Amino acid sequence: MAAARHPAFYANWGVADTLDGRFDMVALHTYLVLDRLKGGEPRFRQALVDEFFRDMDRSLRELGVGDVSVGKKVRKMAEVFYGRVAAYDAALAGQGDALVAAVARNVFPDDPQAEGAVPLAAYVQDQRNHLAAQDPAAIAGGHVTFKEPTP
C-alpha cells in the first residue's frame with residue numbers, strides 16, 4: 001500500500017489522485033508481487049488477492065457505501081483487477097511499447113496518450129527486476145521492498 005501511495009505517481013506522472021487512480025496503483029503493485037511469485041507460493045498469492053479485496057471492501061464501507069452496494073462494487077473491482085492482470089501479462093509477454101500501451105489504457109483511461117504512461121511503464125519494468133532479486137519465501141513472509149520511483 002505504501003508503495004502505491006507514493007506521491008510521485010500522482011504529482012509527477014499524472015496518475016489521478018482519485019479512488020480509481022489509487023485503486024489502479026494498488027492493483028499494479030499487487031500485480032507486481034503476484035507476477036514475481038508465479039509458479040510458486042500459491043497460498044500466499046491467494047491470500048494476497050483475498051486481502052486486496054478485503055481491503056477494497058473495507059475502504060468502500062469507510063467511504064459510506066451501503067452494504068447492499070458493496071458486494072456489487074467489489075465484484076466490479078475484481079473484474080477490473082483481473083482484466084488488468086491479463087493486460088499486464090500480455091503486455092509483458094509482448095515486445096516494444098506494449099506495456100506503455102497497457103499502462104496508458106488502464107491507468108490513464110481518459111488520456112491514453114498520457115505522458116505519465118512512459119515513466120510508469122519503465123517503473124513497472126524496474127520493479128520487476130528489483131523484485132526478481134528478492135527471495136520468494138521472504139516475499140511470502142511479508143518482506144517485500146519496492147524501489148522509489150524516480151521522476
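**Chat about a seven-helix model**

Biologist: Leaving aside neighbours within four places in sequence, what is Arg61 in contact with?

Modeller: With those sequence neighbours left aside, Arg61 is in contact with Asp67 and Val70, where contact means heavy atoms within 4.5 Å.

Biologist: Before I go on, what kind of model is this?

Modeller: This is a predicted model, in which local features need pLDDT of at least 70 and side-chain atom pairs count only at pLDDT 80 or more, while totals for chains, interfaces and linings use all residues. Residues are numbered from 1 along each chain as its sequence is written, and side-chain values use heavy atoms, with hydrogens and water left out.

Biologist: Back to Arg61, where does it sit, and is it buried, exposed or partly exposed?

Modeller: Arg61 lies in helix 3, and it counts as partly exposed because its relative accessibility is 38%; buried means under 20% relative accessible area, exposed means over 50%, and partly exposed is in between, with a 1.4 Å probe and protein chains only.

Biologist: And how far apart are Arg61 and Ala3 in space?

Modeller: From C-alpha to C-alpha, Arg61 and Ala3 are 23 Å apart, with their positions 58 residues apart in sequence. Val107, which is 46 residues from Arg61 along the chain, has its C-alpha atom 24 Å from that of Arg61.

Biologist: Zooming out, how many helices and strands are there in the protein?

Modeller: The protein has seven helices and zero strands, and its pattern along the sequence is α-α-α-α-α-α-α. The radius of gyration is 15 Å, close to the 15 Å that the globule rule gives for 151 residues, so the protein is as compact as a globular protein of that length. Helices here are DSSP runs of H or I with at least four residues, strands are runs of E with at least two, and both are numbered from the N terminus; the radius is taken over C-alpha atoms, and the rule is 2.2 Å times the number of residues to the power 0.38.

Biologist: What does the C-alpha trace span, and how much of the protein is buried?

Modeller: Along the principal axes, the trace spans about 45 × 40 × 25 Å, and buried residues account for 39% of the 151 residues. Of the contacts between residues at least 6 apart in sequence, 51% join residues at least 24 apart.

Biologist: Which residues have the most contacts inside the largest nonpolar core?

Modeller: Met25, Val103 and Leu120 have the most contacts inside that core, which has 41 residues. Helix 1 (7-11), helix 2 (19-36), helix 3 (42-62), helix 4 (67-93), helix 5 (98-107) and helix 6 (117-132) each supply at least two of the core residues, and the largest share, nine residues, comes from helix 4. A nonpolar core is a set of buried Ala, Val, Leu, Ile, Met, Phe, Trp, Tyr and Cys residues joined through side-chain atoms within 4.5 Å.

Biologist: What does Leu120 contact beyond its neighbours within four places in sequence?

Modeller: Beyond those neighbours, Leu120 is in contact with Phe9, Trp13, Val15, Met25, Leu28, Val103, Val107 and Phe108. Val107, in helix 5, is buried because its relative accessibility is 5%, and outside its own close sequence range, up to four places away, it touches Val15, Asp24, Met25, Tyr88 and Leu120.

Biologist: Thr30 caught my eye too; is it buried or exposed?

Modeller: Thr30, placed in helix 2, is buried, with a relative accessible area of 9%. Leaving aside neighbours within four places in sequence, Thr30 is in contact with Leu48, Phe52 and Phe81.

Biologist: Changing topic, what is phi of Glu41?

Modeller: Phi of Glu41 is near 50°, a positive value in a residue other than glycine. Glu41 is in the loop between helix 2 and helix 3, and at 29% relative accessibility it counts as partly exposed.

Biologist: Last one, is Lys72 buried or exposed?

Modeller: Lys72, which is found in helix 4, counts as exposed because its relative accessibility is 54%. The C-alpha atoms of Lys72 and His143 are 33 Å apart, and the two residues are 71 residues apart in sequence.
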